Each structure stands twice: as C-alpha cells, then as structure tokens.
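Hi there,

I am passing a structure on to you, and I have added some notes on what turned up in it. Have a look first, then read on.

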Amino acid sequence: MQIDTSSSTCGALIRGIDLSGDLHAEQIAAIRNAWLKHQVIAFPDQQLTIPDIERFAHHIGPRGEDPYIAGLPRHPHVVEVKREADEKTKLFAETWHSDWSFLPSPPAGTVLYGEVIPPVGGDTLFSDQYAAYDALPKALRARVEGCMAVHSARGGYAKDGLYGEKDAQAGRSMAIRFGDSALKTRSHPLVRTHPETGRKALFVSPGYTLGIEGMAQTEAVDLLLQLFKFQIEERFLYRHRWSQGMLTLWDNRSVIHAATGGYEGHRRLLFRVTVAERDRSLIPA
C-alpha cells in the first residue's frame, strides 16, 4: 500500500490496494491508521459497485445516519450526491461544515465514491481543524476553552432552509427530505477531543453552528465569526480533486469541508455512506 501525502497538513492518496474485494484485518488496520493520521484519504482508480462501497464503509465503522437525504431503494444507507447537467438549484454543500454535526452523536467519517465526475470543477475543499486549533492565538484559545457550541440543521433542512420547500420546487435532483425536526438544536464542545487520537480540534462551522451556550447571542456571533474566518485560512486547507472511480474517506471529527462548482453543463454523481462512531469500548486506550 503506497501513501502519497499532499503538501497540506491533511490529505493523502493511497494506491496499491483493490477495494472491490474483501479486505483482511491487517489491511483494514492500515487504512484506518492512515485515515486517522491524514484525516482525508483517497483511493484512485477503483471500479466499485454499491455493495463494494458499503462493505468498505463497514470496515471503517458502523453505519451512520443520514437524517435529511433519502437512501437508495435497495441500499437505504447509500445516498446519491448528484447534480444534473441542466440543474439550476443552489450548489449542494458549498457552505463549510462537518457532516451532520447537529446530531446527538455526530458521525465519525464519510465515504464518498465518484461514479460520474465532470471533466472540470467539482473539487472538495477540506480544512484541518487540528491545525486550526493548534494555531489559535492565546487570547482566542482562552475564550473558546470549555465552551459548548449550539448546532442545528435549520439553516439547511428546515422548510425555509436552503434545501427546503423553495429548493424542492426549483427542481433539485437529490432526494432531500426537509422538515420541522431540523429546528432542533444540539450542543457539543467547541473544542472537541478526538476519541481515537486524543488530539484537540475546533468543532464549529458556519453550516451548522448557531450560537454558544450561556453567551449572549451578539457576543456569540462575534466570536463565531472570528472562528469561521480563522478556521479556513489558507494554511489549513487541502483542495481535493476528484476522478472517476475514486473513493474518498474523511474524518468529520477533525476536518470541515465545502463543495465547489465550476462544472456547469456536466452531470455529477457520487455515492455516499455515513460512518458512525465505533463502540468506545473497542477504541484502544
């Protein structure tokens, strides 16, 4: 297994392994170690079926929840991230976020496989939140330590959200299921300790973080805006370029990400599986 690291603080390409077959324990351990170390890993030149993708994801961890996107009829844990060539809706997932961070137990990882990749555009941007936390100025670090950030899906998946009623009427091709449950909130530590590596990372994003517990909203918004600007500085970024047959796995506990466009007039289709946290009792001390 050959690992080629990016020039950024996160991101690596892995070659020399075929994911279309079952993997043995040593291979799974090596892949998980690479994932925990590099945070975003990608396997180019894989030709995978949907069952192959599901099997790989299950090697990484339990099946996760996708609360606002319907799964495929025969594969309910696989969702299509797609955009038709003539689609005019707002680009999906272009706001920085960690997948489903508003859930009581946010997912550990996301598996995404490139089935139809346009010849131009469509890169995914990742930002290393270990590096962002490590680089926090002392005064800003002192302000965020011990804070609980308030997360919600309302900006995206409520009826009046980005992917709500008006978006559905505009003809989005993805099977998004908006609803009132998106109005709920859930708090998580603003600085989160990774359960497997023990490293600290910022755990906020403009996509899902609305406020800070016990802090006046005006003060919270001011602090969050500082963090949102800081956490995506160029020094923390990795630009991921897709190719057909590439499978990518990222760690939602240590990176945030955002989609980019630039492929107007071309169809794009990826298959996604969400990976939940493993049983804490199985995680080595």
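Let's start with one residue: Cys10 is buried, at a relative accessible area of 1%. Here buried means under 20% relative accessible area, exposed means over 50%, and partly exposed lies in between (1.4 Å probe, protein chains only). Cys147 is buried too, with 13%.

How many disulfides does the structure hold? The count is 0, where a disulfide is a pair of cysteine sulfur atoms within 2.5 Å. In general, a disulfide is a covalent bond between the sulfur atoms of two cysteines.

Before you go further, please keep in mind that this is a predicted model, in which local features need pLDDT of at least 70 and side-chain atom pairs count only at pLDDT 80 or more, while totals for chains, interfaces and linings use all residues. Residues are numbered from 1 along each chain as its sequence is written, and side-chain values use heavy atoms, leaving out hydrogens and water.

Now the whole chain. Of its 285 residues, 53% count as buried. The C-alpha trace spans about 50 × 50 × 35 Å along its principal axes. Contacts (heavy atoms within 4.5 Å) often link distant parts of the sequence: among those between residues at least 6 apart, 82% join residues at least 24 apart.

Finally, the charges: there are 33 positive and 34 negative side chains, and the centres of the two sets lie 3 Å apart. Lys and Arg count as positive, Asp and Glu as negative, without His and the chain ends; each charge is placed at NZ of Lys, CZ of Arg, CG of Asp or CD of Glu.

Happy exploring!
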